[in-house]
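Me: I'm new to reading protein models, so could you walk me through one part of this one up close? Start with a single residue and work outwards from there, please.

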Amino acid sequence: MRLLNSTIKDDVEKEEDTKEEIKFDSGSAVEAPATDFEYTIEDSKVTIDGYIGSSTEVVIPAEIEGYPVTSIGDYAFSSCTGLTSVSIPDSVTSIGYSAFDNCTGLTSVTVGTGIELIPEYAFYNCSNLKYVCLPAELK
């Protein structure tokens with residue numbers, strides 16, 4: 001995983017120290033229940049279409065109803081201003097346009113290894129986003 005940190009992006013040594021501080025710990029995090037999401041199942045794959053839960057720290061589940069969660073749809077978390085952190089599982093391969101736009105309370109994002117592309121405006125106007133942990137394989 002590589003870490004992007006807008007406040008210390010030029011200081012590689014400091015960036016390495018920060019990784020441990022914000023590294024996703026799956027042992028202590030709890031996946032959000034399926035009832036916190038609006039979703040569709042098509043071709044045995046789940047797309048998250050919306051977030052209707054109240055948690056500020058969201059761990060998106062890798063499976064819902066026994067099907068893999070493979071995408072986060074356009075505008076799925078748009079304007080969830082109370083959201084402070086989100087962890088996206090390895091099963092997710094795509095994030096939709098403006099999926100997290102206007103999540104002004106969002107401060108950290110951890111993206112799983114399955115992601116192939118993060119589209120333009122995916123995190124538009126996330127004015128407090130300071131930490132993004134991305135897979136090294138992401139182009």
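**From a loop residue to the core**

Reply: Let's start with Thr113, which sits in the loop between β9 and β10. Keep in mind throughout that this is a predicted model. Is Thr113 buried, exposed or something in between? Its relative accessible area is 44%, which falls between the 20% and 50% cut-offs, so Thr113 counts as partly exposed.

Now look at what Thr113 touches. Leaving out residues up to four places away in sequence, its contacts are Asp90, Pro135 and Glu137. You can also check a distance to Ile88, which is 25 residues away along the chain: the two C-alpha atoms are 9.1 Å apart.

Stay in the loop between β9 and β10 and find Tyr121. With a relative accessible area of 38%, Tyr121 is partly exposed. Tyr121 has company, too: together with Tyr75, Tyr97 and Tyr124, it makes up a nonpolar patch on the surface. Those four tyrosines have about 440 Å² of accessible area between them.

Let's follow that patch to Tyr75, in the loop between β6 and β7. Tyr75 is partly exposed as well, at 44% relative accessible area. Its backbone is worth a glance: phi is near 60 degrees, a positive value, and Tyr75 is not a glycine. Ser98 also has a positive phi without being a glycine, this time about 55 degrees. You'll find Ser98 in the loop between β8 and β9. With just 5% relative accessibility, Ser98 falls under the 20% cut-off, so it counts as buried.

Time to go inside, where the aromatic rings come in. How many aromatic pairs does a search of the whole structure find? It turns up 8. One of them joins Tyr51 and Phe77, with ring centres 5.5 Å apart and 20 degrees between the planes, which makes the pair stacked. Tyr51 belongs to strand β3 and Phe77 to the loop between β6 and β7, so this pair ties together parts 26 residues apart in sequence. Both rings belong to buried residues: Tyr51 is at 11% relative accessibility, and Phe77 is at 0%.

Phe77 has a second partner, Phe100. Their ring centres are 4.8 Å apart and their planes meet at 15 degrees; the angle is under 30 degrees, so this pair is stacked. Why does this pair tie together parts of the chain that are apart in sequence? Phe77 is in the loop between β6 and β7, whereas Phe100 is in the loop between β8 (94-95) and β9, so the pair links parts 23 residues apart. Phe100 is buried too, at 0% relative accessibility.

Put these rings together and you get an aromatic cluster made of Phe37, Tyr51, Phe77, Phe100 and Phe123.

Phe100 deserves a longer look. Not counting neighbours within four places in sequence, its contacts include Ile72, Phe77, Leu83, Val86 and Ile88. Also on its contact list are Ile95, Ala122, Phe123, Tyr124 and Cys126. Notice Tyr124 there: it's one of the residues in the surface patch we met earlier.

That brings us to the largest nonpolar core, which has 32 residues. Which of its members touch the most others? They are Ile60, Ile72, Phe77 and Phe100. Two or more core residues come from each of β3 (45-51), β6 (67-72), β7 (85-88), β9 (108-111) and β10 (131-134). The largest share, 3 residues, is from β3, the strand that holds Tyr51.

Finally, zoom out. The chain has 1 helix and 10 strands, and along the sequence they run β-α-β-β-β-β-β-β-β-β-β. Of its 139 residues, 42% are buried. Among contacts with a separation of 6 or more, 40% join residues 24 or more positions apart. On the outside, the accessible surface is about 7,700 Å², with 47% of it belonging to carbon and sulfur atoms.

Note on methods. Residues are numbered from 1 along each chain as its sequence is written. This is a predicted model: local features need pLDDT of at least 70, side-chain atom pairs count only at pLDDT 80 or more; totals for chains, interfaces and linings use all residues. Side-chain values use heavy atoms; hydrogens and water are left out. A nonpolar core is a set of buried Ala, Val, Leu, Ile, Met, Phe, Trp, Tyr and Cys residues joined through side-chain atoms within 4.5 Å. Buried means under 20% relative accessible area, exposed over 50%, partly exposed in between (1.4 Å probe, protein chains only). Helices (H or I, at least four residues) and strands (E, at least two) are DSSP runs, numbered from the N terminus. Contact means heavy atoms within 4.5 Å. Rings of Phe, Tyr and Trp (its six-membered ring) pair if their centres lie within 6.5 Å; planes under 30 degrees apart count as stacked, over 60 as edge-to-face and the rest as tilted. Accessible areas come from the Shrake-Rupley method with a 1.4 Å probe; for residues, only the protein chains shown count as cover. Patches are made of residues with over 30% relative accessible area and no salt bridge: like charges are joined within 9 Å, nonpolar side chains (Val, Leu, Ile, Met, Phe, Trp, Tyr) within 5 Å. A salt bridge is a side-chain nitrogen of Lys or Arg within 4 Å of a carboxyl oxygen of Asp or Glu.
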